[in-house]
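Hello,

I am passing on to you the structure we talked about, and below it you will find my notes on how some of its parts are arranged. Please keep in mind while reading that this is a predicted model.

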Amino acid sequence: MHRLAAPSSASILLDPSLSVQPPAVEPRIAHGVAAAHCAVFDPKGHAAAGMNFAAQDYLSLAGHPALRAAAATALSHHRLGAPGTAPQLGLTVPALTLEDRVARFVQQPEAVVFPSGAEAIRATLRCTLREGDHLIVDAGAHPAMFDTGIATRATVHRTPPGSVDAVERRLRRLSGQPRQGRLFVAVPAVSAHASVIADLRGLADLCRDYDATLIVDVTHDLGSMAQGGGGVMEIQGCLGRVGIVVGSFAKCFGAAGGFAAFADPELKQALRLTQHGQRQTAALSPVNATVILAAFDLIDSVQGRIRRRRLHSSALRLRNHLMADGIRVMGQPSPLVPIRLPMMTARPRTALMESAGALVTLLMAPAVALHAPRWRVQLMADHSAADIDDLADLIRDVTRVFDRHRPLAPSPAPLAQA
């Protein structure tokens with residue numbers, strides 16, 4: 001990993017007339033397996049290599065030999081893609097087996113799998129909500145929850161991230177008003193942009209008291225958190241207590257795909273057969289389903305527990321380093337470590353980070369508030385303690401370089417003598 005040549009590098013980046021466009025605002029293309037250390041290219045072909053804290057592969061399973069072998073075996077028995085939509089020849093034995101595995105894992109009677117997590121959210125909400133319903137959505141939820149709620153003509157109520165009190169106030173107010181629609185509460189177990197962990201137990205109790213349905217997105221915690229991989233639901237003792245569970249396999253299971261799990265058999269029929277569900281969308285590839293099943297085997301094994309412990313240790317180690325240095329770290333421990341940045345220097349800070357050998361994700365408006373840009377450090381089980389220490393040192397160096405050049409506030413004018 002390269003070290004910073006400060007202050008000369010910083011002076012170039014801080015001078016708008018001399019700075020180049022930082023690579024953080026351009027798409028980056030991974031070369032080979034996006035492991036803990038990898039090479040990437042921008043669209044112009046410029047190469048960069050270093051520590052990878054931008055990939056979404058929390059347990060480092062995407063390149064695992066067992067998943068590669070599962071993919072090769074599946075290709076010898078199945079087409080690369082699904083042969084059609086779910087009602088029209090699209091369902092395959094691996095996909096149906098995966099649905100059963102998901103249902104058992106999250107302790108729900110039914111499950112349906114999709115080509116992506118976003119499609120799982122959209123289809124499930126389209127088949128669940130109707131005009132007149134009220135959907136209370138956590139501000140940190142996936143955009144598909146907001147968009148689909150509005151498209152179904154349900155009334156969408158936005159609450160601050162992770163605020164049980166705000167949800168309770170809205171449920172109390174809506175329960176006291178004359179209405180015909182039903183009540184739903186939709187939250188991410190771990191918010192993607194701030195690593196806020198939801199109080200699922202408290203929300204489940206509220207939904208029971210107010211006869212509301214709790215919808216939880218477990219994309220960023222299922223498989224990667226808790227001793228058995230059950231995520232926040234397992235940690236808080238809520239497995240089987242959530243009305244509808246949705247999520248993506250892409251972050252932790254080594255292949256693209258999504259799912260919804262629930263208790264209502266009529267919802268499964270609606271997802272299978274109606275135009276709002278899987279009727280007009282290609283089914284999950286049997287190859288992807290086979291790979292995800294192999295990932296489940298690893299996640300359920302001793303190796304999965306070891307990888308989760310290593311991932312959790314890395315998250316705590318990085319947070320402790322940064323907080324000791326006075327750096328503003330957001331949220332609670334998870335595979336994501338968001339770090340707030342000053343609005344005016346977020347891009348040059350990211351360019352300097354990447355030039356020194358660390359790939360991170362820069363989140364800016366409209367993904368987050370205009371005044372609150374941040375790095376989202378995405379940890380993997382294969383990151384070593386030395387990788388975490390090097391990243392913490394580099395973040396500290398970048399912060400000091402830019403803070404050293406921060407303009408001082410003008411001194412107040414002296415008060416006139418009476």
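Helix α4, which covers residues 93–105, lies across the strands β4 and β10, and its direction runs at about 130 degrees to that of β4. Helix α5 (residues 117–128) packs on the sheet as well, where it touches β4, β7 (183–188), β8 (212–217), β9 and β10, and its direction makes about 155 degrees with that of β9.

The sheet itself is an open one, built from seven strands in the order β4-β10-β9-β8-β7-β5-β6, with mixed pairing. At its edges are β4 (110–114) and β6 (155–159), each of which pairs on one side only, and neighbouring strands are turned against each other by 15 degrees on average, if direction is ignored. For one pair in detail, you could look at β9 (residues 244–248) and β10 (residues 258–262), which pair in the antiparallel sense over five bridges; within this pair, Val 245 has Ala 261 in β10 as its bridge partner.

Coming back to α4, you will find that this helix also meets helix α11 (residues 286–299), and that the two axes come within 8 Å and cross at roughly 35 degrees, in a crossing that is left-handed. Among the residues that meet there are Leu 98, Arg 101, Val 102 and Phe 105 in α4, and Ala 289, Leu 293, Phe 296 and Asp 297 in α11. What kinds of residues make up the contact of α4 with α11? They divide into eleven nonpolar, two polar and two charged.

With best wishes

Definitions and conventions
Residues are numbered from 1 along each chain as its sequence is written. This is a predicted model: local features need pLDDT of at least 70, side-chain atom pairs count only at pLDDT 80 or more; totals for chains, interfaces and linings use all residues. Side-chain values use heavy atoms; hydrogens and water are left out. Two strands pair if DSSP finds at least two bridges between them. Helices (H or I, at least four residues) and strands (E, at least two) are DSSP runs, numbered from the N terminus. Axes are lines fitted to C-alpha atoms, for helices over the stretch in contact, and angles run from 0 to 180 degrees between N-to-C directions. Contact means heavy atoms within 4.5 Å. A crossing is left-handed if the near helix is turned anticlockwise from the far one by less than a right angle, and right-handed if clockwise. Ala, Val, Leu, Ile, Met, Phe, Trp, Tyr, Cys and Pro count as nonpolar, Asp, Glu, Lys and Arg as charged, and the others, Gly among them, as polar.
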